[in-house]
Amino acid sequence: MTTRILIALAALFASTSTAQALEFHLIDDKINEFFMPLSAAALDIMFYSIPIAGVSFPLIVGWLVLAAVIFTVYFKFVQFRKIGHSFAILRGDYDKPGETGEISHFKALTTALSGTVGLGNIAGVAVAISLGGPGATFWMIVAGLLGMSTKFAEAILGVKYRQINPDGTISGGPMYYLKTGFAERGFGGIGKTLAIMFAICCIGGAIGGGNMFQVNQSFDQFVAVTGGAESFLAGKGWLFGLIVAAIIGCVIIGGIKSIANVTSKLVPLMAIIYLGAGFIILAVNYDHIGWAVSEIFAGAFTGQGVIGGAIGALIVGFQRAAFSNEAGIGSAAIAHAAVKTDEPVTQGYVAMLGPFFDTVVVCAMTALIIVVSEVHLTDLTGVQLTSAAFGTVLPWFPILLTVAVILFALSTAIAWFYFGLKSWTYLVGEGRKKDLCFKIIFCAFTVVGASADLAPVIDFSDVMIFAMSIPNVIGLYLLMPVVKEEVDKYWQKMATGKITSNRHALAT
């Protein structure tokens, strides 16, 4: 059914005449005119900022960073104490046959990572360095480390309160722990309201920021490296979007198992391509690495940030980290809920690794590439800055970056489809026809995202993504004791031998 819809869309766009194309642009303009005031108002509210040392600091970023600090302290710096246990669980040391769920710990992590490792790791880091200097990198890493504790709490609650459907599939995420967790504490009405708010925002964010924006930006990058206005795809965004929609349609048709099978291969492939190229750039500029690291530390503490000194570097770094790893947004809990485990805490430890890989590893690599190549001293910004850094080693490296950008965008769209689908079914109910309806809507907007210039629509959807953090973080605060109780029970089972490592069993 999804394939037939895509074929119909292809026929529609392929038969578009010049006059019809003009009409599409007029429709774009009308949609922009409708959403522009709405988007502007939403942006002003969601990203309301206060000046600190001459730098605008969005309160929503403070909301996320403060939560990460509180969870880090409350859970006694779990991300540093138990990271070894995280890797042990990830490699399957504590897997048991017959556990409830659909996908492995590793696949749940790669699906969650697919939703966060994207253009923010490439363009977002460049923006941070352009605005806050190399020192912003240090604060991005700090924020990423703090965010590990937030993901820890989200994943545990996502698994604990997940719903097992009659067909054996799993539905979970903030919608479910807001509804059920609040009801357990006598706040059922508030919990239901917050759950609905989260689900609505997640659907909007999935279609816009998680889908339309990703395909739109990857199309622009593809056209840029294939000749710009002379590119064979220039003006044919609909075709690019249709190809991407077809790929997404083939992946999502099999549900979370199919999605996880793809992301478990796509995420490592992205890492090999991007980090591999990064190591080559660092190797070529090995004599600059010490200087680059010193620039990052100096800018973080001695006021070498471009705006606002060290305070500016801190604010910009925290802001870009929040945009990159999405700790506190709640989306990752939807993916982690599908894991095969009867112990919610195990996935909490695995989920901690998400911000580590996303912000500490990938973002740090991007920053080092930009600083060692010294392209941050130019007037470039965004993905052009990262592309220029890649081009300093070999002229065709920006093409490699384009491949990475497209892979990042594709994986992000696939993951956000799943987040949106589970929010959709939470509101309208489970069922194949209801699933198919959302699949068609999502793929149709993939084509629209590549072929249209709907900036206000995408801005509004970004607002919805960050709006997800409001009900989610409120829920995390209320349910912190539940997480702590689960953790205490888990380690009691470890101490009494009810939970043992497979490696220990083999050794004995």
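These are my notebook entries on two helix pairs, one residue and one cavity.

**Entry 1: before starting**

I'm working with a predicted model, so nothing here comes from an experiment.

**Entry 2: H19 and H20**

I began with helix H19, residues 397-428, and helix H20, residues 432-451. How do their axes cross? I found that the axes come within 10 Å and cross at roughly 135°. That angle makes H19 oblique to H20, because oblique is the word for angles that fit none of the other classes, and roughly antiparallel would need over 145. I also noted that the crossing of H19 and H20 is right-handed.

Next I looked up who meets whom. On the H19 side I listed Ala413, Trp416, Phe417, Gly420, Leu421, Trp424, Thr425 and Val428. Facing them from H20 are Lys434, Asp435, Cys437, Phe438, Lys439, Ile441 and Phe442. Sorted by class, this contact of H19 with H20 has 10 nonpolar, 2 polar and 3 charged residues.

**Entry 3: a closer look at Asp435**

I picked Asp435 out of that list; it sits in helix H20. Which residues does Asp435 touch, leaving out those up to four places away in sequence? I got Leu421 and Thr425, and both names were already on my H19 list. I then checked Asp435 against Ile253, which is 182 residues apart from it along the chain. Their C-alpha atoms are separated by 9.4 Å.

**Entry 4: H16 and H17**

My second pair was helix H16 (residues 344-351) and helix H17 (residues 353-372). Here the axes come within 5 Å and cross at roughly 10°. Angles under 35 degrees count as roughly parallel, so I wrote H16 and H17 down as roughly parallel to each other. The contact is made by Tyr349, Val350 and Ala351 from H16, with Leu353, Gly354 and Pro355 from H17. By class I have 5 nonpolar, 1 polar and no charged residues for it.

**Entry 5: empty space inside**

How many cavities of 30 Å³ or more are there? The count comes to 2. I looked at the second largest, which has a volume of about 40 Å³. Its lining is Leu109, Ala112, Leu113, Thr116, Lys151, Ala332, His336, Ala351 and Gly354. Helices H6 (105-116) and H15 (331-336) are the elements that give two or more residues to this lining. H6 gives the most, with 4 residues. The lining divides into 5 nonpolar, 3 polar and 1 charged.

I spotted two familiar names in the lining, Ala351 and Gly354. Ala351 of H16 and Gly354 of H17 also take part in the contact from Entry 4.

Technical notes:
Residues are numbered from 1 along each chain as its sequence is written. This is a predicted model: local features need pLDDT of at least 70, side-chain atom pairs count only at pLDDT 80 or more; totals for chains, interfaces and linings use all residues. Side-chain values use heavy atoms; hydrogens and water are left out. Axes are lines fitted to C-alpha atoms, for helices over the stretch in contact, and angles run from 0 to 180 degrees between N-to-C directions. Angles under 35 degrees count as roughly parallel, over 145 as roughly antiparallel, 65 to 115 as roughly perpendicular and the rest as oblique. A crossing is left-handed if the near helix is turned anticlockwise from the far one by less than a right angle, and right-handed if clockwise. Contact means heavy atoms within 4.5 Å. Ala, Val, Leu, Ile, Met, Phe, Trp, Tyr, Cys and Pro count as nonpolar, Asp, Glu, Lys and Arg as charged, and the others, Gly among them, as polar. On a 1 Å grid over the protein atoms alone, a cavity is a set of points where a 1.4 Å probe fits but cannot get out, and a pocket is an open set with protein on both sides within 12 Å along at least five of seven lines; lining residues have an atom within 4 Å of a point. Grid points are joined across faces, edges and corners, and a volume is the space filled by probe spheres set on the points.
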